[in-house]
Amino acid sequence: MDTNAAARPPRPRTVFTAEHEMFREQMRRFVDREIAPFHRDWERAGIVPREVWRKAGAQGFLCTMLDPEYGGAGGDFGHAAIIIEELARVNASGVAFQLHSDIVVPYIAAYASEARKREWLPKMAAGEIIGAIAMTEPGMGSDLKAVRTSAVRDGDHWVINGSKTFISSGQNAGLVIVVCKTDPAAGRRGVSLIAVEEGTPGFTKGRKLEKIGMHAQDTSELFFEDVRVPVENLIGEENGGFRHLMHQLPQERLVIAVRAATSMETMLEKTIAYTKERQVFGHSVFDFQVHRFKLAQAKAEIAMFRVYVDDCIARHMQGELSGEEAAAAKLLGTEMQNRLLDDFLQMHGGYGYMAEYEIGRAWADARVGRIYGGSSEVMREIIARTL
Ligand SMILES: Cc1cc2nc3c(=O)[nH]c(=O)nc-3n(C[C@H](O)[C@H](O)[C@H](O)COP(=O)(O)OP(=O)(O)OC[C@H]3O[C@@H](n4cnc5c(N)ncnc54)[C@H](O)[C@@H]3O)c2cc1C
């Protein structure tokens, strides 16, 4: 057996073009210069400075898929995936560019009125307005049709009352898409999406929530008390919100899966390096077959997931990715990420539990992947419905 076989270079990924890879180089430089050196400070502060969004916007790293007519870069999901991967590579879990660019902005681009698109989208592409989406409420998360925040039509305005919780970028948000009930008797057919701007009277930001991971993310409570917004702030059709959500959620799930894949790859490499260096009982940790075998198994599983998630990226770029395929990517990716990162942490011993080591922070950050964007149980339900 050749135990000294040199590691082969990774297989080239066919999903990206040469132009995508040039874009990756630019994004990597931006991340290494503007994000990675500061992320620990932002974790302590519990928030990423708005200035970072403006810098990213100025360099074309926000809203890459948005039509240039509205200030976007006119790219495809490949560019979006590269941004997600480069942030995941340094575990910049607080920098919610993907939420802004690939989850919030698409609702506005697809469903807002022309006037609102022209007003908001260029500022969102420039990083001057940070977007958030508020679905979850204290009494409701997975069951979106049970939303209680109400929006009642009053002349040329919607009047919104209710509260939301766990909202990513809640403090930084300049624009929030609020999931509201506009016809309380109609269940899922009574849900609408309404945009609320920061500073609108009656809209207040509550606590920045303390979490067990993703410490640089300003996950927050939001409150709406007789908030009046013009009827033009309706995003899409009145009572059509549930349908719009179902149409956009697969992309959100793919975003989470893409992040999981890079997180696993990066942490595997770091764990291999650590275990080869760390000496115990006169051997490196890597020399123990129990760990070497786990790393080998991890390598094989991650390689398999990479093929699946790249196929999902390619299919999504062709407009062919189904809801259940995206659900499968999120389910498998985040479950595998949690299991493998836990193994990797174990191989670091006590250092794995120290916040100064990346593996510990990545492990804690990864936990939410099985919960947000639809929990693993909800993903299984989505897949099961198609059986
Ligand atoms: C860090 C973080 C960031 C978040 N960001 C946002 C955000 O930006 N915007 C936003 O709107 N929300 C956000 N969320 C909320 C997140 O999407 C919800 O927490 C998630 O959808 C689950 O809802 P819940 O917490 O109410 O759990 P519940 O719905 O109460 O679920 C509790 C348990 O029941 C299980 N369950 C639910 N339905 C089923 C079923 N049909 N079959 C079997 N089991 C089921 C769940 O899987 C879970 O295990 C965020 C959450 C966190 C933690």
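Let me begin with what I will call a polar contact, namely a pair of N or O atoms within 3.5 Å, and please keep in mind throughout that what we are looking at is a predicted model.

With that in hand, consider I133, where a backbone N or O atom lies 2.9 Å from a nitrogen atom of the ligand, which falls within the 3.5 Å cut-off for a polar contact. The backbone contributes at M135 as well, since a backbone N or O atom of that residue is placed 2.7 Å from an oxygen atom of the ligand, and at G141 a polar backbone atom sits 3.2 Å from a ligand oxygen. As for coverage, of the 970 Å² of accessible area that the ligand has on its own, the protein covers 64%.

Turning to the shell as a whole, we find 19 residues surrounding the ligand, and the closest of them are M135, T136, S142, S375 and E377. In terms of character, that shell divides into 10 nonpolar residues, seven polar ones and two charged ones. Where do the residues of the shell come from, by secondary structure? At least two are supplied by each of β1 (131–134), β3 (157–167) and α11 (376–384), while at the level of domains, domain 2 (132–239) and domain 3 (243–384) each provide at least three.

Finally, a word on the N-terminal part of the chain, for which UniProt, in an unreviewed entry, lists residues 17–128 as "domain: Acyl-CoA dehydrogenase/oxidase N-terminal". In the model, that span is 66% helix and 0% strand, and its end C-alpha atoms lie 30 Å apart.

Key. Residues numbered from 1 in each chain as written. Predicted model: local features only at pLDDT ≥ 70, side-chain atom pairs only at ≥ 80, totals over all residues. Heavy atoms only, no water. Near = heavy atom within 4 Å. Polar contact = N/O pair within 3.5 Å; in protein donor to acceptor, adjacent residues only side chain to side chain. Areas by Shrake-Rupley, 256 points an atom, 1.4 Å probe, with all protein chains shown as cover. Helix = DSSP H or I, 4+ residues; strand = E, 2+ residues; numbered from the N terminus. Nonpolar A, V, L, I, M, F, W, Y, C, P; charged D, E, K, R; others polar. Domains from an automatic or database assignment. UniProt positions renumbered as here; feature names shortened; annotations may be inferred.
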